[in-house]
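Subject: The structure I promised

Hi,

Here is the structure we talked about, with some notes underneath. Have a look at it first, then read on.

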Amino acid sequence: MISKMWMCVAVAIAVLTTTCSARTPLYSNNGTIPFGMSIAFAGETGTGFAITWSTLNETTNNYVQYGASSGSYGPRVMAQDTVYYTSSYQHTAVVSQGLKPGTRYYYQVGNDDGVSTEKSFTTARGDGDFTPFKIAVVGDMGITESRDTMKQMRALTETEWVLHVGDIR
């Protein structure tokens, strides 16, 4: 059983490995397109998720949609919006329960003016599953070298999730 303390740490800093679908054109390019998405376990059993993303300009009705099939999403989960310093706007949506353990979900984030491409994540394994697994641990991703860091992390095909220890943005 995963301890509550460990789950709190996972909620705070574990970034799930996400996979990008094929690059598709974004529906808007006026500073309202979501970027910099970070996703983490949420909920006591890790079968929920919290997602944060940014937009360059202020947007309205920010949301995440998700579902167990590619391109098929449930209702919108509305985001809480904050100003991230003065250079961008940050949006956070949380689904803290109700997802199935060890299941791949597909999602996209958006607002009234734009939407991201589809991405996916896999929820945590169920309680009592002690099967060994591999994780990657990452610290400051840097600004100029962050694309190389992401490329290397995506190449870790046997890694089930990434523990990010700080400075995500």
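A residue counts as buried when its relative accessible area is under 20%, as exposed when over 50%, and as partly exposed in between (1.4 Å probe, protein chains only). By that rule, 40% of the chain's 169 residues are buried.

Before going further: this is a predicted model, where local features need pLDDT of at least 70, side-chain atom pairs count only at pLDDT 80 or more, and totals for chains, interfaces and linings use all residues. Residues are numbered from 1 along each chain as its sequence is written, and side-chain values use heavy atoms, leaving out hydrogens and water.

The chain has two helices and 12 strands (DSSP runs numbered from the N terminus: H or I of at least four residues for helices, E of at least two for strands). Starting at the N terminus, the order is α-β-β-β-β-β-β-β-β-β-β-β-α-β.

Now the inside. The largest nonpolar core (buried Ala, Val, Leu, Ile, Met, Phe, Trp, Tyr and Cys joined through side-chain atoms within 4.5 Å) has 14 residues, and Ile51 and Tyr107 are among those with the most contacts inside it. Strands E4 (48-55), E5 (63-67), E8 (88-95) and E9 each supply at least two residues of this core. Contact means heavy atoms within 4.5 Å; leaving aside residues up to four places away in sequence, Ile51 touches eight partners including Val64, His91 and Tyr107.

One more residue to click on: Gly110, in strand E9 (residues 104-110). Gly110 is buried, at 0% relative accessible area, and its C-alpha atom lies 9.5 Å from that of Arg76, 34 residues apart along the chain.

Cheers
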